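Grab a viewer and work through these exercises at your own pace. Each one comes with a worked solution, so try it before you read on.

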There are 2 protein chains.
Amino acid sequence: MEHLALLSRLARPNGEKIVLLVLDGVGDLVTGEQPRTALEAAATPHLDALAAGGSVGRIVPVTWGVTPGSGPGHLALFGYETRRDAYDIGRGVLEAMGLGLPLDSRTVAARANFATADGAGRLTDRRAGRIPTEENRRLCARLREALAGRSGPQVTIEPGEGHRFVLLLRGEGLSDAVADTDPQEVGVAPLAARATAPEGEAAAEIVRELVTAMEGVLADEPRANRVLLRGFSKPPHIPSVGELYGLTAGAFAGYPLYRGVAAACGMQVVECGKLPEELFARVGERWNDFDYLFLHLKQTDAAGEDGDLDAKVRVLEEVDAALPALAELRPDVLAVTGDHSTPAPMKAHSWHPVPVLISGRRAYVDPVARFDETAALGGHLGTFPSRHLMGLLLAHAGKLAKYGA
Amino acid sequence: MEHLALLSRLARPNGEKIVLLVLDGVGDLVTGEQPRTALEAAATPHLDALAAGGSVGRIVPVTWGVTPGSGPGHLALFGYETRRDAYDIGRGVLEAMGLGLPLDSRTVAARANFATADGAGRLTDRRAGRIPTEENRRLCARLREALAGRSGPQVTIEPGEGHRFVLLLRGEGLSDAVADTDPQEVGVAPLAARATAPEGEAAAEIVRELVTAMEGVLADEPRANRVLLRGFSKPPHIPSVGELYGLTAGAFAGYPLYRGVAAACGMQVVECGKLPEELFARVGERWNDFDYLFLHLKQTDAAGEDGDLDAKVRVLEEVDAALPALAELRPDVLAVTGDHSTPAPMKAHSWHPVPVLISGRRAYVDPVARFDETAALGGHLGTFPSRHLMGLLLAHAGKLAKYGA
């Protein structure tokens with residue numbers, strides 16, 4: 001907390017606006033087979049113009065060598081010291097927050113999938129054939145109806161997208177020390193819920209009963225006849241970006257998980273579309289409501305996870321083409337980076353440093369006039385752990401008082 | 001303390017001499033209007049020769065995004081983890097130390113200004129027309145005489161330069177939880193001293209009475225008819241550089257504040273002039289007395305605060321011209337940097353990284369042959385928080401044992 005405590009002490013609100021555009025997983029690799037990264041291969045004249053007029057560098061996601069998931073990756077971008085357990089937000093909580101479900105210290109949340117098992121009870125599809133969201137809604141309604149009036153903790157079942165839903169248990173003294181029931185592979189039965197610590201025994205017992213009841217209801221479903229649970233978790237107390245930095249923060253993200261992280265940090269979540277032009281248009285509509293605007297675009301990460309460099313390049317060129325709508329809002333500080341790399345050759349998140357640019361009138365105009373991995377090596381911002389980006393953004397917006405006399 | 005504890009454990013004295021030349025606020029900006037920094041614009045053949053024969057890089061003052069005052073900026077250069085409150089030295093204490101006043105745990109120090117108010121009690125000049133030091137001495141003598149024999153805590157009044165003086169209160173149980181009485185603007189009356197925490201009530205009451213008494217004495221003064229107080233503080237315990245690193249340290253600084261920081265870190269303060277050639281000559285005279293010599297030049301910062309790039313360039317060229325006198329002393333390690341940037345376009349301290357060079361026979365001779373912001377980007381030392389400079393200086397002087405087997 002030292003680092004946060006210092007920023008918090010120095011923070012002073014002013015009228016200036018900070019926009020942080022996160023291109024999820026934007027960082028990529030050069031390998032023997034892939035001679036250029038996505039940013040290097042893409043034609044991005046608007047990003048390059050921002051780089052030319054501002055400062056460029058690289059963030060190390062969370063810390064050297066660590067490949068962050070979306071939660072820690074974003075928490076670090078917001079300045080949190082994510083290596084402290086208090087800021088480890090569980091997957092269940094993140095999903096629940098992303099759906100806007102109210103959580104308190106008596107609530108345990110789990111991320112749930114509908115899945116398919118064969119006659120012998122062995123999983124054949126961990127995502128139930130990626131059923132459409134409408135079918136998910138119908139199934140959740142069936143479950144709710146069947147479980148209504150059950151004794152024990154209050155149960156909430158909320159559909160997400162596709163095959164995903166959220167399960168909340170709310171009651172006095174419930175622990176989240178329960179292991180995932182998702183075996184992460186097909187050909188085996190779902191795992192029975194078990195406690196990961198003695199205090200989780202009661203919750204595990206409740207979950208086992210609940211899964212049995214739910215699968216009884218789903219027995220006649222052709223595809224969605226199983227329920228897989230993971231990420232049992234309770235909401236941590238995270239000081240909000242309002243408390244910490246005096247910011248009035250808005251989150252513009254098309255996907256629940258990112259809305260969830262932002263909500264957990266006290267940002268107001270704004271409903272918006274998933275395409276760059278939709279996102280930037282929505283930012284324009286809500287421009288006067290915030291002095292810190294977190295914008296999240298998922299497509300770069302998805303293309304990286306698919307190992308599709310061409311798709312990643314295409315997404316970047318789409319983002320770039322839409323960028324003038326954002327620049328025309330004239331933010332005092334406009335920063336672009338990613339929460340981590342998702343190199344196409346790895347088809348997964350990675351620890352590799354990610355380019356970052358900061359433009360604004362207090363930025364050092366360094367010689368770098370291109371936004372990509374190689375160019376970023378020569379930039380004024382240097383290479384630094386991603387949790388320090390928030391301090392730099394506040395500084396560039398004149399929002400940090402001098403430290404000491 | 002982890003970082004300091006490790007250095008302290010490894011430190012071993014030897015006969016080698018380290019010189020650290022701090023050019024206050026030397027770092028500057030490139031902007032649309034200012035295409036070159038002061039270091040880039042200045043002709044500095046001697047600094048460039050040191051760069052060519054040694055290692056170059058950049059320090060991040062204190063931490064990313066944080067704009068340090070002179071206290072935290074220098075403490076970090078001496079290796080202290082300034083983000084810990086224990087090393088937050090108050091302005092009053094710094095000023096008092098700079099004047100060589102003895103402080104103990106029962107002493108509360110405040111930085112004071114003589115100021116001018118009009119007939120209605122509104123401030124018209126927060127610096128009393130920048131009265132000369134002789135007039136300041138006369139005024140302080142008047143105040144001392146008038147206040148002699150007062151009951152309550154022991155009061156010390158010590159003139160500094162120009163309109164500045166130091167007020168010390170010494171007594172059992174006195175707290176420094178008292179807010180500034182300087183409103184930081186003209187057109188309003190000075191603020192009455194008030195406590196910032198319940199334990200400060202007694203001290204605030206004493207300060208209010210004292211200010212009333214002092215302003216009674218000064219009522220007939222044409223200019224200096226008010227007293228403004230700020231930075232109420234008690235001395236922190238700071239382990240000395242002798243204890244920590246086994247150094248016998250001398251501080252060569254023309255201005256009280258920097259002498260104060262150095263004294264707080266256990267350095268012996270050497271009286272000296274403010275010009276580079278005076279400073280370097282004094283270093284030569286005391287060369288045999290120390291193995292760590294901290295040299296401070298203020299003029300670069302002053303020019304930056306004035307927004308006068310040309311003046312900053314001129315100062316740098318003067319420093320450079322005087323530099324051979326320092327180099328001729330043949331320090332084992334000669335390092336040059338700043339405590340922070342003071343970019344002329346900002347007319348204020350800033351968080352931007354500052355070039356640093358280390359020359360000496362253990363330095364990696366990197367390809368950088370120029371001492372400025374852009375050249376430093378390519379240097380061997382890379383970019384690192386300023387508190388790590390001390391470890392590097394000790395290492396370059398052979399003063400750190402191997403860590404572990």
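**Exercise 1.** Count the helices and strands in chain A of this predicted model, then judge how compact the chain is.

Solution. Start with the secondary structure: chain A has 14 helices and 13 strands. Next, take the radius of gyration, which is 22 Å; the globule rule also gives 22 Å for 405 residues, so chain A is as compact as a globular protein of that length. For the outline, box the C-alpha atoms along the principal axes, and you get roughly 65 × 50 × 40 Å. Last, check burial and contact range: 54% of the 405 residues count as buried. Among contacts between residues at least 6 apart in sequence, 72% join residues at least 24 apart.

**Exercise 2.** Work out how chain A is divided into domains, and which element gives the most to the domain 1 side of their contact.

Solution. First, the bounds: domain 1 takes 2-89 + 238-396, while domain 2 takes 93-233. Then the spacing: the domain centres, over C-alpha atoms, are 33 Å apart. Now look at who touches whom: 9 residues of domain 1 are in contact with 7 residues of domain 2. On the domain 1 side, helix 9 of chain A gives the most, with 7 residues.

**Exercise 3.** Trace the open sheet of 8 strands in chain A from edge to edge, and find where helix 9 packs on it.

Solution. Walk across the strands and you should read 9-8-10-1-11-12-2-13, with mixed pairing. The ends of that walk are strand 9 (268-270) and strand 13 (382-385), each pairing on one side only. Neighbouring strands are turned by 25° against each other on average, direction ignored. Zoom in on strand 8 (residues 249-253): its pairing with strand 9 is parallel, over 3 bridges. Here A:Ala251 stands opposite A:Val269 of strand 9. Now add helix 9 (residues 256-264), which packs on the sheet and touches strand 8, strand 9 and strand 10 (292-297) of chain A. The direction of helix 9 makes about 170° with that of strand 8.

**Exercise 4.** Which residues have the most contacts inside the largest nonpolar core?

Solution. The core has 252 residues, and the ones to pick out are A:Phe294 and B:Phe294. By element, helix 7 (residues 201-218) of chain B supplies the largest share, 8 residues. To see the surroundings of B:Phe294, skip its neighbours within four places in sequence; what remains in contact is B:Leu20, B:Val22, B:Ala249, B:Ala251, B:Phe252, B:Ala262 and B:Met267.

Technical notes:
Residues are numbered from 1 along each chain as its sequence is written. Chains are lettered from A and ligands numbered from 1 in the order in which they are written. This is a predicted model: local features need pLDDT of at least 70, side-chain atom pairs count only at pLDDT 80 or more; totals for chains, interfaces and linings use all residues. Two strands pair if DSSP finds at least two bridges between them. Helices (H or I, at least four residues) and strands (E, at least two) are DSSP runs, numbered from the N terminus. Axes are lines fitted to C-alpha atoms, for helices over the stretch in contact, and angles run from 0 to 180 degrees between N-to-C directions. Two residues are in contact if their C-beta atoms, placed from the backbone, lie within 7 Å. A nonpolar core is a set of buried Ala, Val, Leu, Ile, Met, Phe, Trp, Tyr and Cys residues joined through C-beta atoms within 7 Å. A residue is buried if 20 or more other C-beta atoms lie within 10 Å of its own, exposed if 12 or fewer, and partly exposed in between; C-beta atoms are placed from the backbone. The radius of gyration is taken over C-alpha atoms; the globule rule is 2.2 Å times the number of residues to the power 0.38. Domain bounds come from an automatic or database domain assignment.
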